[in-house]
Amino acid sequence: MVRILTPLIFACLLAPAAQAACYADYKAKQDKPLRLHYGVAEIDTPCDVESAAKQLNERLGRAGWTLLNVVSVFGDDGLAERKESAGPNFLRY
């Protein structure tokens with residue numbers, strides 16, 4: 001029994017804890033008439049600007065928006081400070 005449990009316990013200790021959440025803040029636009037918005041979105045891993053841009057291009061495109069740029073990627077610690085600025089586009093896309 002110990003032989004079976006030892007590798008399982010070791011594997012659990014080496015496995016990463018629950019993946020930390022990843023968010024990106026971005027700027028997007030619509031044409032005719034020109035509309036701009038700033039938003040915050042949750043991003044799937046990997047948590048980097050390139051992955052965020054790919055995911056946001058798809059999500060925003062379905063809603064008729066064009067991604068202008070990803071401002072930054074961040075974890076839970078930066079979420080609250082961006083909520084007010086993002087307004088209705090906070091975790092919308």
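This is a short tour of a predicted model, one selection at a time.

**Stop 1: the paired strands**

Start by selecting residues 23–30, which form strand β1. Then add residues 35–42, the strand called β2. How do β1 and β2 pair? They run in the antiparallel sense, and eight bridges link them. To see one pair of facing residues, pick Ala-28 and look across to β2, where His-37 stands opposite.

While the strands are on screen, here is a handy idea to keep in mind: side chains in a regular strand alternate between the two faces of the sheet.

**Stop 2: the turn of the hairpin**

Now move to the link between the two strands. The hairpin of β1 and β2 has four residues between the strands. Select Lys-32, which sits in this loop. What is the phi of Lys-32? The angle is near 55°, a positive value, and Lys-32 is a residue other than glycine. Is Lys-32 buried or exposed? Its relative accessible area is 81%, and residues over 50% are called exposed, so Lys-32 counts as exposed.

Stay here and add Pro-33, found in the loop between β1 and β2 too. Zoom in on the peptide bond that joins Lys-32 and Pro-33: this bond is cis, with omega about -5°.

**Stop 3: a nonpolar patch**

Next, show the surface and select Leu-34, Leu-36 and Leu-68. What do these three leucines make? Together they form a nonpolar surface patch of about 330 Å². One of them, Leu-36, belongs to strand β2. Leu-36 has 60% relative accessibility, so this residue counts as exposed.

**Stop 4: another cis bond**

Follow the chain past β2 and select Pro-46, in the loop between β2 and α2. If you would like a landmark, helix α2 covers residues 49–62. Which kind of peptide bond runs from Thr-45 to Pro-46? It is cis, and its omega is near 5°.

**Stop 5: after helix α3**

For the last stop, select residues 79–86 to bring up α3, then go on to Leu-91 in the segment after that helix. Leu-91 has a phi near 60°, a positive value in a residue other than glycine. How accessible is Leu-91? Its relative accessibility is 39%, which lies between the cut-offs of 20% and 50%, and therefore Leu-91 counts as partly exposed.

Note on methods:
Residues are numbered from 1 along each chain as its sequence is written. This is a predicted model: local features need pLDDT of at least 70, side-chain atom pairs count only at pLDDT 80 or more; totals for chains, interfaces and linings use all residues. Side-chain values use heavy atoms; hydrogens and water are left out. Patches are made of residues with over 30% relative accessible area and no salt bridge: like charges are joined within 9 Å, nonpolar side chains (Val, Leu, Ile, Met, Phe, Trp, Tyr) within 5 Å. Accessible areas come from the Shrake-Rupley method with a 1.4 Å probe; for residues, only the protein chains shown count as cover. A salt bridge is a side-chain nitrogen of Lys or Arg within 4 Å of a carboxyl oxygen of Asp or Glu. Buried means under 20% relative accessible area, exposed over 50%, partly exposed in between (1.4 Å probe, protein chains only). Two strands pair if DSSP finds at least two bridges between them.
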